[in-house]
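This report looks at one helix and at some charged side-chain pairs in a protein chain. Please keep the structure open while reading.

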Amino acid sequence: MKRITAILLAAVLLFSMTACGASQTDTDSSDTHGSESGAPAPESTLPERDLITGGELSEYTKGGGRPAAILIDNARAALPQRGIASADALFEMVAEGGITRLMALFSDPNGIPMIGPVRSARDQHLQCAMPMHSLIVHIGTSVYAENLLNQYQYPTVNGRYLGATAFVFDEARKNVGYNNEHCWYTDAGRIAAGLEKQGIHSQGAGSPLFEFVPKGTGAVVPEQGDAPEVAVSFSASAPVTLTYDAQSGKYRKTAYGQPHLDADTGEQLGFENVLVLFAQVQRKNPNDPNNIVMDFDMSGGSGYYFYGGKYRSILWHKGAPEAPIRFTDENGSPVQINTGKSYVALVGNDCKETLRIGGAALQPEAENTAQDASAAS
């Protein structure tokens, strides 16, 4: 009976992912895994600080354990999600059709709760996960994400191949009306099973997510102005607001006009660090009306850093897929990020005018200065 159930789950997975690709035109495809030992480990010493939060190392991370990056559905029809409040960092970017997708980062994969719904990978998210040498967890890919993984021979925990080995289908969620593609989840044990099945090593951490403020110096609060609230839209259908809660020292996230909650804990997502980064974003193939996959210029751009109810303008720099994101001021001096959980919104330049800080639109002089400095860099 168990064998029959596993076969049925795998069949449902294949069917639901195919249906998802047809409904969103996301060109999901299979990816080819690299060597059985996992992607080539970066040449680095053991980390001195947590790669994702900049905090103290756990027993897992002390040995150079790789963090995990999980792709999470963020369509309105897929809410609420489970497990995302436990993430050490959260990236949000448009996938296609104005819908955003989340990437949840965990410093220690052994502590990942039941999380999902898990969805397919996009190359813009992968380029933010690869510098840490993350263990990437997803179900399917766009053809562009597949090409990137193949180019770097970067094996992942992919539900298209692993099915019920690494993922579980939530029948109860399906029974209350959710689509199949919004019902697939994973957790620490299932991810470990997927890693073992694929022969992927969990050691060999890469670069830290950010350049963090040095140990022992205390938090560095931005001084450009007050930011009790930050609002920005990824598209006409995907607004986000983050409101500073002085008691917890975190920005609390709102999505689609409602508090962004974790279904398991009821907790509203909260982050010490908020980064709103702007990039040139366009369709991969603008001449093909059926191809709505988005192309992100990951070389860099302008942006803003929010912490402690304050903000400052920054420039961000990246470049190659394996290069980490780094920040500077308009003069090229490094801007370091404080220890804590982070939310990163990578937003198209065409949505810059939607940014509101403390309820007010961005001042043109500040935006022009950031644009000039970005162009000069």
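The sections below describe a predicted model, starting with a helix and moving on to salt bridges.

## Two sides of helix H7

Helix H7 covers residues 188–198, and within this helix Ala188, Ile191, Gly194, Leu195 and Gln198 are buried. These five residues lie on the same side of H7, because they cover an arc of only 125° around the axis. A general rule helps to read such a pattern: an α-helix has 3.6 residues a turn, so residues three or four places apart point the same way.

The other side of H7 holds Gly189, Glu196 and Lys197, which are exposed.

## What surrounds H7

Which elements cover the buried residues of H7? Among them are three strands, S2 (68–73), S5 (135–138) and S7 (157–158), together with helix H5 (159–162). After H7 comes Gly199, which has a positive phi near 70°.

## A buried salt bridge

The count of salt bridges in the model is 9. One of them joins the side chains of Asp73 and Arg119, with an N to O distance of 2.4 Å. This pair links distant parts of the chain, as its members are 46 residues apart. Asp73 belongs to strand S2, while Arg119 sits in the loop between strand S4 (99–106) and helix H3 (123–129). Are these two residues buried or exposed? Asp73 and Arg119 are both buried.

Strand S2 thus appears in two parts of this report: it helps to cover the buried residues of H7, and it contains Asp73.

## A bridge between two loops

Arg82 and Asp170 form another salt bridge, in which the closest N and O atoms are 3.5 Å apart. Here too the pair links distant parts of the chain, with the two positions 88 residues apart. Arg82 is in the loop between S2 and strand S3 (89–96), and Asp170 is in the loop between strand S8 (168–169) and helix H6 (171–175).

Why is Asp170 called buried? Its relative accessible area is 19%, and the cut-off for buried is under 20%. Arg82 has 22% relative accessibility, so Arg82 counts as partly exposed. Arg82 and Asp170 also belong to a network: salt bridges with shared partners join them and Asp264.

## A further pair

Arg252 and Asp245 form a salt bridge as well, with 4.0 Å between the closest N and O atoms. Asp245 is partly exposed, because its relative accessible area is 26%.

Definitions and conventions
Residues numbered from 1 in each chain as written. Predicted model: local features only at pLDDT ≥ 70, side-chain atom pairs only at ≥ 80, totals over all residues. Heavy atoms only, no water. Buried < 20%, exposed > 50% of the residue type's maximum accessible area, 1.4 Å probe, protein only. Helix = DSSP H or I, 4+ residues; strand = E, 2+ residues; numbered from the N terminus. Arc of directions from axis to C-beta. Contact = heavy atoms within 4.5 Å.
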